[in-house]
Amino acid sequence: MTSRSEAHNFLPDILVIGQQRCGTSALHHYLSIHPEFSLPRPKETHFFSRKYHYGFRWYQRCFSKNRTGLVKIEFCPSYLTSLSALLRIHHLSSCQGKIP
């Protein structure tokens with residue numbers, strides 16, 4: 001089991017949880033070509049809502065540019081409608097200062 005402090009290392013710096021069909025694909029595309037951002041593949045991991053059981057190591061491997069100093073950004077509309085995802089994100093980030 002991953003501890004809360006270990007999990008903090010895997011959390012994105014920014015979560016984009018907008019609705020579907022609101023321009024997130026275009027935003028994702030433009031941010032993905034910026035050298036200081038790391039975005040996951042696939043675009044929507046659904047980690048906190050549907051694939052949490054895969055573990056944090058799987059989630060970390062989704063980020064193609066996984067170097068120190070890069071801003072990790074994840075896009076996933078399913079987090080907006082998933083209470084379990086919101087609770088997991090809140091629980092992991094509340095004491096760590098990530099994802100305010």
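A residue is taken as buried when its relative accessible area is under 20%, and as exposed when that area is over 50%. In this predicted model, both Y59 and F63 are buried by that criterion. At 0% relative accessibility, F48 likewise counts as buried, whereas Y52, at 25%, is classed as partly exposed.

These four residues also take part in the aromatic contacts of the structure, for which a search of the whole model finds 11 pairs. The rings of F48 and Y52 form a tilted pair, with 6.1 Å from centre to centre and 35° between the planes, while Y59 and F63 meet edge-to-face at 5.4 Å between centres, their planes standing at 90°. Ring pairs join F47, F48, Y52, Y54, F56, W58, Y59, F63 and Y79 into a cluster. The ring of F63 is further approached by K72, whose charged end sits over the ring at 5.5 Å from its centre.

Two backbone features are found in the loop between β2 and α3. The peptide bond joining R41 and P42 is cis, with omega of about 5°, and P42 belongs to this loop, which lies between β2 (37–38) and α3 (56–61). H46 is placed in the loop between β2 and α3 as well; its phi is near 55°, a positive value in a residue other than glycine, and H46 counts as buried because its relative accessibility is 12%.

On the surface, L83, L86 and L87 make a nonpolar patch of about 300 Å². Of these residues, L87 is found in helix α4, which covers residues 83–93, and L87 counts as exposed because its relative accessibility is 52%.

Conventions
Residues are numbered from 1 along each chain as its sequence is written. This is a predicted model: local features need pLDDT of at least 70, side-chain atom pairs count only at pLDDT 80 or more; totals for chains, interfaces and linings use all residues. Side-chain values use heavy atoms; hydrogens and water are left out. Patches are made of residues with over 30% relative accessible area and no salt bridge: like charges are joined within 9 Å, nonpolar side chains (Val, Leu, Ile, Met, Phe, Trp, Tyr) within 5 Å. Accessible areas come from the Shrake-Rupley method with a 1.4 Å probe; for residues, only the protein chains shown count as cover. A salt bridge is a side-chain nitrogen of Lys or Arg within 4 Å of a carboxyl oxygen of Asp or Glu. Helices (H or I, at least four residues) and strands (E, at least two) are DSSP runs, numbered from the N terminus. Buried means under 20% relative accessible area, exposed over 50%, partly exposed in between (1.4 Å probe, protein chains only). Rings of Phe, Tyr and Trp (its six-membered ring) pair if their centres lie within 6.5 Å; planes under 30 degrees apart count as stacked, over 60 as edge-to-face and the rest as tilted. A charge sits over a ring if NZ of Lys or CZ of Arg is within 6 Å of the ring centre and within 35 degrees of the ring normal.
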